[in-house]
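Here is a short tour of one protein chain, written for someone who is new to reading structures. Have a look at the picture, then follow the text from place to place.

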Amino acid sequence: MISFAPLWDTLKKKEISQYQLIHFYGVSAGQLSRLRANHYVSTHTIDRLCEILDCNIEDVIVYKKISNS
């Protein structure tokens, strides 16, 4: 499962709010909604977040294996 949990920590560390992402960086509210729900977003969106936050992809996204037991 893909999780965007690291994104929220990175935003906090970089002191960038979701409001700023929407109003200053042009990230749509819909994209943020999908990120909060760990739903699909494009690689373009992930790339843009890394660019805005000046960070690596692992600061935005993580893969968590779901056990089948």
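Let's begin with a cysteine: Cys50 is buried, with a relative accessible area of 12%. Keep in mind as you read that this is a predicted model.

**Two cysteines and no bond**

Cys50 has a partner worth checking, Cys55, which also counts as buried, at 15% relative accessibility. Why is there no bond between the sulfur of Cys50 and the closest cysteine sulfur? The closest one belongs to Cys55 and sits 4.4 Å away, which is too far for a bond. A disulfide would need the two sulfur atoms within 2.5 Å. Searching the whole structure gives the matching result: 0 disulfides.

**Helix α1 and its two sides**

Now move to helix α1, which covers residues 5-14. Its buried residues are Pro6, Leu7, Thr10 and Leu11. Looking down the axis of α1, you'd find these buried residues within an arc of 140°, so they line one face of the helix. There's a neat bit of background here: an α-helix has 3.6 residues a turn, so residues three or four places apart point the same way.

What about the other side of α1? There, Lys12 and Lys13 are exposed.

The buried residues of α1 have plenty of company. They pack against the strands β1 (2-3) and β2 (62-63), and against the helices α2 (18-23), α3 (29-36) and α4 (43-53).

**Helix α3 does something similar**

Which residues of α3 are buried? They are Gln31, Leu32 and Leu35. Seen down the axis of α3, they fall within an arc of 100°, so they line one face of this helix. Among the elements covering them are α1, α2 and α4.

**The nonpolar core**

In soluble globular proteins, nonpolar side chains tend to be buried together. In this model, the largest nonpolar core has 17 residues. Phe4, Leu7, Leu21, Leu35, Leu53 and Val60 are the ones with the most contacts inside it. The elements giving two or more residues to this core are α1, α3 and α4, and the largest share, 5 residues, comes from α4.

Leu35 is a good one to zoom in on. If you leave aside neighbours within four places in sequence, Leu35 is in contact with Phe4, Leu7, Trp8, Val41 and Leu49.

**A serine tucked away in a strand**

Ser3 is found in strand β1. Is Ser3 buried or exposed? With a relative accessibility of 4%, Ser3 counts as buried. A polar atom of its side chain lies 3.1 Å from the backbone nitrogen of Ala5. Not counting residues up to four places away in sequence, Ser3 touches Asn38, Val60, Ile61, Val62 and Lys64.

**Tyr25 and an aromatic pair**

Tyr25 is found in the loop between α2 and α3. Its relative accessible area is 32%, so Tyr25 is partly exposed. Setting aside residues up to four places away in sequence, Tyr25 touches Ile16, Gln20, Arg48 and Ile52. How far apart are Tyr25 and Leu49 in sequence and in space? They are 24 residues apart along the chain, and 9.3 Å apart from C-alpha to C-alpha.

How many aromatic pairs does a search of the whole structure find? The count is 1. The pair is formed by Tyr19 and Phe24 and is edge-to-face, with 6.3 Å from centre to centre and 80° between the planes. Both Tyr19 and Phe24 are exposed.

**Some unusual backbone angles**

Most residues other than glycine have a negative phi, and most peptide bonds are trans. That makes a few positive values worth a look, so here they are in a table.

| Residue | Phi | Place |
|---|---|---|
| Glu15 | near 55° | loop between α1 and α2 |
| Asn38 | about 55° | just after α3 |
| Asp54 | about 50° | loop between α4 and β2 |

Two of these can be filled in a little further. Glu15, which follows α1, is exposed, with a relative accessible area of 68%. Asp54 is exposed too, with a relative accessible area of 64%. As for Asn38, you have met this residue already, since Ser3 touches it.

Notes
Residues numbered from 1 in each chain as written. Predicted model: local features only at pLDDT ≥ 70, side-chain atom pairs only at ≥ 80, totals over all residues. Heavy atoms only, no water. Phe/Tyr/Trp six-rings, centres within 6.5 Å; stacked < 30°, edge-to-face > 60°. Buried < 20%, exposed > 50% of the residue type's maximum accessible area, 1.4 Å probe, protein only. Helix = DSSP H or I, 4+ residues; strand = E, 2+ residues; numbered from the N terminus. Arc of directions from axis to C-beta. Contact = heavy atoms within 4.5 Å. Core = buried A, V, L, I, M, F, W, Y, C linked by side-chain atoms within 4.5 Å. Polar contact = N/O pair within 3.5 Å; in protein donor to acceptor, adjacent residues only side chain to side chain.
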